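Open the model in your viewer and keep the selection tool at hand. The stops below are meant to be taken in order.

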Amino acid sequence: MRIRDRLIVAVAGSAIVAMAVLASLAYVTQRSAATLRAEGDSREIARNVASLLTLTQEYTIYGGERASTQWRARHAQLARIVEEIIATEPAPHPALVEVRRHVRNLMPLYDKLEEAYGGDHTDFAQRRRELMVERLVSETQGLVEALHRWASSIGAEHAREQRVLSAIVLAAPGVLLLLIVGLALVVWRRVLLPLKALQAAATAIQHGDMSVRCDTAARDELGDAGRAVNAMAESLLAANGAMRDEVERRGEAERRLRRVMESSPLGMSVCDSQGLCLYANPTWQRIAGISAEQALGAGARAVLHPQDRGRVVADWDATVVSGKPGVSEHRYRRPDGTTVWVRRHMAPLLHDDYSDGLVTTIEDITERRALDATLAARTAELARSNEELERFAYVASHDLQEPLRMVTSYGQLLVRRHQAQLDAEAREFLEFIVDGGRRAQALISDLLSLARLNSQARPMAPVALESVLADTLSQLRLQLSGAGAIVTHDPLPTVVADARQLGQLFQNLIANALKFKGALAPAIHVGATLEAGYWRISVADNGIGIEARFFERIFVLFQRLHLRSEYEGTGIGLAICKKVVERHGGSIGVQSEPGRGSAFFFTLPARLPVSASEAFAVA
């Protein structure tokens with residue numbers, strides 16, 4: 001067996017025994033503490049029982065409100081103590097349970113005793129009082145006996161625990177001493193003696209005696225070390241002949257390294273820990289606009305842009321101190337006055353875990369920085385434009401609501417108040433006006449909802465789809481009930497999403513199923529399957545269906561497949577659904593046949609949980 005394995009076994013055995021002893025001591029100590037608490041509790045109960053007996057005797061002899069009040073207070077304290085003790089024990093002792101029963105029986109008996117003392121003073125009443133006193137005393141005596149049995153069991157348990165604790169305390173030192181002695185013997189015989197012989201052989205080899213050989217019979221770590229020493233001695237004999245070849249190989253490697261650095265498309269430089277340049281390749285010289293002679297020493301820092309010099313030097317010093325690579329972007333000002341942006345990578349040159357310099361690579365990113373600035377400006381302009389468009393849509397819709405509301409309201413008022421004075425053609429015209437106002441209001445409301453999708457979006461958070469669906473069905477309960485619709489669903493997962501927008505998505509799809517129903521009562525089913533890292537949520541119905549050539553068109557803004565006289569709507573609902581799904585990183589589509597219903601589906605990234613079973617468990 002290997003020395004390491006022997007030591008591991010010995011140390012593990014010692015640790016296990018020590019932990020077992022400590023665990024036993026901890027357990028017995030804990031039990032002893034619990035027993036001591038129980039003894040204290042039993043003494044407290046006994047004091048309260050003695051007080052009850054005294055107060056009972058005082059009441060039967062002298063009567064009075066004071067004795068009764070004190071008796072009841074003492075009984076309440078006793079009952080509270082007993083209940084607290086039982087609540088803390090997972091399996092209360094039967095005697096303790098009997099104590100609680102007697103305590104609970106005392107109060108009804110005492111109430112009857114007070115009732116008997118409050119009656120007349122006939123012989124029968126006197127006899128009744130005596131019987132009640134006897135029953136109260138008898139119940140108290142039963143309480144005392146049960147308390148005595150519980151206290152006796154506590155004492156016996158305490159005695160057993162003390163015996164076990166004594167046995168552990170007496171036996172533990174002997175066991176630990178035997179383990180320590182055995183471990184010391186193993187270390188002496190298997191480690192120290194062989195190490196002494198190995199050290200003598202290594203010292204001889206150090207002084208040039210290559211003829212010394214170690215004992216290699218042992219099949220453990222020290223035997224391996226002996227064999228390694230022997231191999232080292234043999235290698236040293238042949239090292240002198242190979243040293244010249246090694247020098248030549250190192251020279252060739254250095255020449256190859258220099259060729260690589262000279263032809264590198266990245267600027268490369270080597271500096272000492274003080275920041276003084278020791279080497280700069282041609283690419284670095286071209287980017288910085290100076291020659292190798294100008295870069296040597298402090299010349300490399302001279303081309304740093306004055307506004308960036310302090311930050312760059314601080315990054316340099318931090319990399320030297322920490323010994324960790326660093327990356328920064330800053331500017332060079334060339335001697336001809338031009339400015340270039342560079343991205344610099346720094347890595348410490350470590351020698352025995354100590355940094356004695358840095359190697360850096362740079363690339364010219366001037367063009368990329370210009371493109372980034374242009375892109376940032378265009379992005380800001382686009383954001384400003386979008387904000388203005390959303391503000392315009394909101395203001396326009398808000399300002400249009402009022403005149404449309406006036407047209408609709410007064411048109412309805414004309415129909416109600418002057419219908420009798422109007423001919424059929426005039427009434428028809430008014431109905432057209434009112435209907436047009438309503439449709440315009442619905443169109444503006446839908447346009448406002450579309451414009452607010454981004455401005456009023458909420459942060460993504462874990463959302464239970466079953467909860468979102470339940471809220472949606474609650475909001476549509478009148479429409480569902482009026483159509484006689486039945487809605488079923490599979491177990492739905494939890495996804496990371498905007499709960500309000502998902503509710504809007506469900507509401508639009510289910511409302512469409514109700515609107516485009518067939519001859520039968522609507523039957524709607526919401527399904528969920530996990531496919532390639534996405535949840536595929538479907539809303540299927542038994543409605544009139546859609547022709548395949550219209551599958552893409554229905555998700556385009558203001559696109560309708562039916563006349564307004566046949567089906568109401570603005571042609572915006574499915575466009576809102578598409579925008580909501582795309583904001584969540586998914587896609588939306590439909591599968592349908594005319595007369596055989598439709599199944600709208602959308603996908604959501606399954607960011608959490610990772611499996612269907614876990615998702616349904618969370619939901």
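How many residues lie between β1 and β2 in the hairpin that they form? Keep in mind that this is a predicted model, then select residues 267-272 for β1 and 277-280 for β2. There are four residues between the two strands, and in the turn Gly275 has a positive phi of about 90°. The strands run antiparallel and are joined by three bridges. To see one pairing, pick Val270, whose bridge partner in β2 is Tyr279.

**The five-stranded sheet**

Next, move to the open sheet, whose five strands follow the order β7-β9-β10-β12-β11 with mixed pairing. Select β7 (486-489) and β11 (588-592): these are the edge strands, and each has a single partner strand, so one side of each has no neighbour in the sheet. Direction ignored, neighbouring strands here are turned by 20° against each other on average.

Now add β9, residues 523-531, which runs parallel to β7 and is joined to it by four bridges. One pair to pick out is His489 with its bridge partner in β9, Val526. Strands in a sheet pair through backbone hydrogen bonds, in either a parallel or an antiparallel way.

**The helix across the sheet**

Select residues 499-515, helix α14, which lies across β9, β10 (534-540) and β12 (598-605). The angle between α14 and β12 is about 170°.

**The largest nonpolar core**

Which residues have the most contacts inside the largest nonpolar core? Select Leu502, Leu505, Phe506, Leu509, Ile537, Phe600 and Phe602; the core as a whole has 38 residues. Helix α14 supplies the largest share of this core, with seven residues.

Centre the view on Phe506. Beyond its neighbours within four places in sequence, Phe506 is in contact with Leu465, Val468, Leu469, Thr472, Val526, Ile537, Val539 and Phe602.

**Helix α12**

Four of those contacts, Leu465, Val468, Leu469 and Thr472, are buried residues of helix α12 (residues 465-475). Look down the axis of α12: its buried residues fall within an arc of 95°, so they line one face of the helix. An α-helix has 3.6 residues a turn, so residues three or four places apart point the same way. Finally, show what the buried residues of α12 pack against: β6 (461-464), β7, β8 (494-497), α14, β9 and β10.

Conventions: Residues numbered from 1 in each chain as written. Predicted model: local features only at pLDDT ≥ 70, side-chain atom pairs only at ≥ 80, totals over all residues. Heavy atoms only, no water. Pairing = 2+ DSSP bridges. Axes fitted to C-alpha atoms, helices over the stretch in contact; angles between N-to-C directions. Contact = heavy atoms within 4.5 Å. Core = buried A, V, L, I, M, F, W, Y, C linked by side-chain atoms within 4.5 Å. Buried < 20%, exposed > 50% of the residue type's maximum accessible area, 1.4 Å probe, protein only. Arc of directions from axis to C-beta.
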